[in-house]
Amino acid sequence: MDVLARAHRLEAAGRRVIHMEIGEPDFTAAPQVVAAAARALRDGRTAYTAALGLPALRQAIGEHYRARFGTRVPDSRIAVTAGASGGLLLTLALYVDPGDEILVPDPGYPGYRHMVRAFEGTARPLKVSPSSNFQPTLEMVRAAWGRRTRGLLLGTPANPTGTLISKTELAKIAHFVAERGGVLIVDEIYQGLIYGSEPVTALGLPGEVAIVNSFSKYFCMTGWRLGWVVLPQKRMRDFEKLAQHLFICAPAIAQHAALSCFSKESIGIFEKRRAEFQRRRDFFVPALQRAGLVVPAPPGGAFYAYARCPGDGKRFALELLEHEGVAATPGLDFGSNESKRYVRFAYTRGMADLEEAAERLKRFCERKIRPPSA
Ligand SMILES: Cc1ncc(COP(=O)(O)O)c(C=O)c1O
């Protein structure tokens, strides 16, 4: 927030700032989706929907899993939510009782720990490092699992690192969690944005597995507030009651519009954008390294690069903004496991901006890492 506030002040004073601190796509919803939203508005399809979402949308999401992963999931296990945030909140409301512990990766998405706390649970950090691609391993989970542990929540690809957990490690963890009678919550919000490897889903893993996903990132609909979860069938009734009481339903217009996300044309647009994100990653991560920063675990998805910087990350981010007008997020926001030494760059800008940001960074690091007096 300090970086953002300073960036706004600089812009108000006429400086050009390249924003790389924002975790949302620079693309907007596909035209087909916008047209569907306009039709829904015009036709007055604006009333509450069923708490678990429009049946047609739940069906379309189920079909999406079949088309993409060849996995069948009954619509009755899918619930439409107000973004991944709504999905995570409801999932945690379902599983967390006061005093329960949920293991969360550190560094990790800050929302996880706050949401666990909202239900009077404790988020216990798992210190993840580049050696495991900033993802939990079975050994870590086993070592951290205690008497009050209720489950594990992880994201893949993850925010802030963009790294993925391997399919085999995730399966091992799922077996372990199942043996302990816990819940494995997997945040797959960046699943559509994976580069150079096949997308993976936790769907089909054994035990109590809850999957959270969203229309925010791959479908470029951040402000529409729409996502979904896939849960074990036996939890659906309780989830439905929670959804009814806490949200009534996810936004109706967004739900009607999202039906158009899965057409061949729309997926074609999203896939082109995914290729563009990959192109940006392939340019920007090496550019960071050329500038002298270390990206210790190569990002395989999302749109983030988590870079180790010389000295304190917050100071680095503030000085980079002040001297070169590039805004990045200090690692501090994502936990306390070495995070002070990191900054996160979101490559959610066009190539021209990224090239300019790379130039500015290089100039900044030349002065900072190799000061003229040194
Ligand atoms: C890892 C992760 N999970 C969940 C969210 C929440 O997304 P939304 O509520 O827009 O679907 C975000 C947003 O940045 C995120 O990065």
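Here are legends for a set of close-up views of this structure, which is a predicted model.

**View 1. Two domains and what lies between them.**
The domain assignment splits the chain into domain 1 (2–23 + 265–365) and domain 2 (33–262). So domain 1 is given as two stretches of sequence, and domain 2 as one. Taken over C-alpha atoms, the two centres are 26 Å apart. Domain 1 puts 30 residues into the contact, and domain 2 puts in 32 residues. Together they bury about 2,500 Å², with 58% of that on carbon and sulfur atoms. On the domain 1 side, the residues that lose the most area to domain 2 are Phe270, Phe334 and Asn337, which add up to 23% of what that side buries.

**View 2. Polar links across the domain contact.**
How many salt bridges are there between domain 1 and domain 2? The count is 1. In a salt bridge of 3.1 Å, N to O, the side chain of Glu271 meets that of Arg68. Polar contacts between domain 1 and domain 2 come to 16 residue pairs, with both residues at pLDDT 80 or more. On the side of domain 1 that touches domain 2, helix H10 (264–291), strand S9 (304–308) and strand S12 (342–346) each bring at least two residues. H10 has the largest share there, with 9 residues. Sorted by class, that side of domain 1 has 15 nonpolar, 9 polar and 6 charged residues.

**View 3. Phe134 and its neighbours.**
Look for Phe134 in the loop between strand S4 (122–127) and helix H6 (138–144). Is Phe134 buried or exposed? Its relative accessibility is 5%, so Phe134 counts as buried. Leaving out residues up to four places away in sequence, Phe134 touches Pro107, Val128, Ser129, Thr161, Thr163, Pro296, Ala297, Tyr306 and Tyr342. For a sense of scale, the C-alpha atoms of Phe134 and Gln278 are 20 Å apart, and the two residues are 144 residues apart along the chain.

**View 4. Two cis peptide bonds.**
Most peptide bonds are trans. The bond from Asp106 to Pro107 is cis, with omega near 5 degrees. Pro107 sits in the loop between strand S3 (101–106) and helix H5 (110–118), and Pro107 is also one of the residues that Phe134 touches. Thr156 and Pro157 are joined by a cis peptide bond as well, with omega about -10 degrees. Pro157 belongs to the loop between strand S5 (149–155) and helix H7 (167–179).

**View 5. Helix H5 and its cover.**
Which residues of H5 are buried? They are Pro110, Gly111, Tyr112, Met115 and Val116. The cover over them includes helix H4 (83–95), S3, S4, S5 and strand S6 (183–187). After H5 comes Glu120, with a positive phi near 65 degrees.

**View 6. Positive phi in two loops.**
Most residues other than glycine have a negative phi. Ile248 has a positive phi, near 70 degrees, and lies in the loop between helix H8 (236–246) and helix H9 (252–258). With 35% relative accessibility, Ile248 counts as partly exposed. Glu338 also has a positive phi, near 65 degrees, and its place is in the loop between strand S11 (329–330) and S12. Glu338 counts as partly exposed too, because its relative accessibility is 46%.

**View 7. A salt-bridge network around helix H12.**
The whole structure holds 27 salt bridges. One of them pairs Asp353 with Arg16, the closest N and O atoms being 3.2 Å apart. Asp353 is in helix H12 (residues 351–369) and Arg16 is in the loop between helix H1 (2–12) and strand S1 (18–19), so this pair ties together parts that are 337 residues apart in sequence. Arg16 is partly exposed, at 40% relative accessible area. Glu356 forms a salt bridge with Arg360, and here the closest N and O atoms are 2.5 Å apart. Both Glu356 and Arg360 lie in H12, 4 residues apart, or about one turn of the helix. Glu356 is partly exposed, with 31% relative accessible area, while Arg360 counts as buried at 10% relative accessibility. Through shared partners, salt bridges join Arg16, Arg349, Asp353, Glu356 and Arg360 into one network.

**View 8. A salt bridge between two strands.**
Arg124 and Glu101 form a salt bridge, with 3.6 Å between the closest N and O atoms. Arg124 is in strand S4 and Glu101 in strand S3, 23 residues apart, and the pair links distant parts of the chain. Arg124 is partly exposed, with 33% relative accessible area, whereas Glu101 is buried, with 14%.

Methods. Residues are numbered from 1 along each chain as its sequence is written. Side-chain values use heavy atoms; hydrogens and water are left out. Buried means under 20% relative accessible area, exposed over 50%, partly exposed in between (1.4 Å probe, protein chains only). Contact means heavy atoms within 4.5 Å. Domain bounds come from an automatic or database domain assignment. Buried area is the accessible area (1.4 Å probe) that two parts lose on being put together, summed over both. A salt bridge is a side-chain nitrogen of Lys or Arg within 4 Å of a carboxyl oxygen of Asp or Glu. A polar contact is a pair of N or O atoms within 3.5 Å; within protein, one must be able to donate a hydrogen and the other to accept it, and residues adjacent in sequence count only if both atoms are side-chain atoms. Ala, Val, Leu, Ile, Met, Phe, Trp, Tyr, Cys and Pro count as nonpolar, Asp, Glu, Lys and Arg as charged, and the others, Gly among them, as polar.
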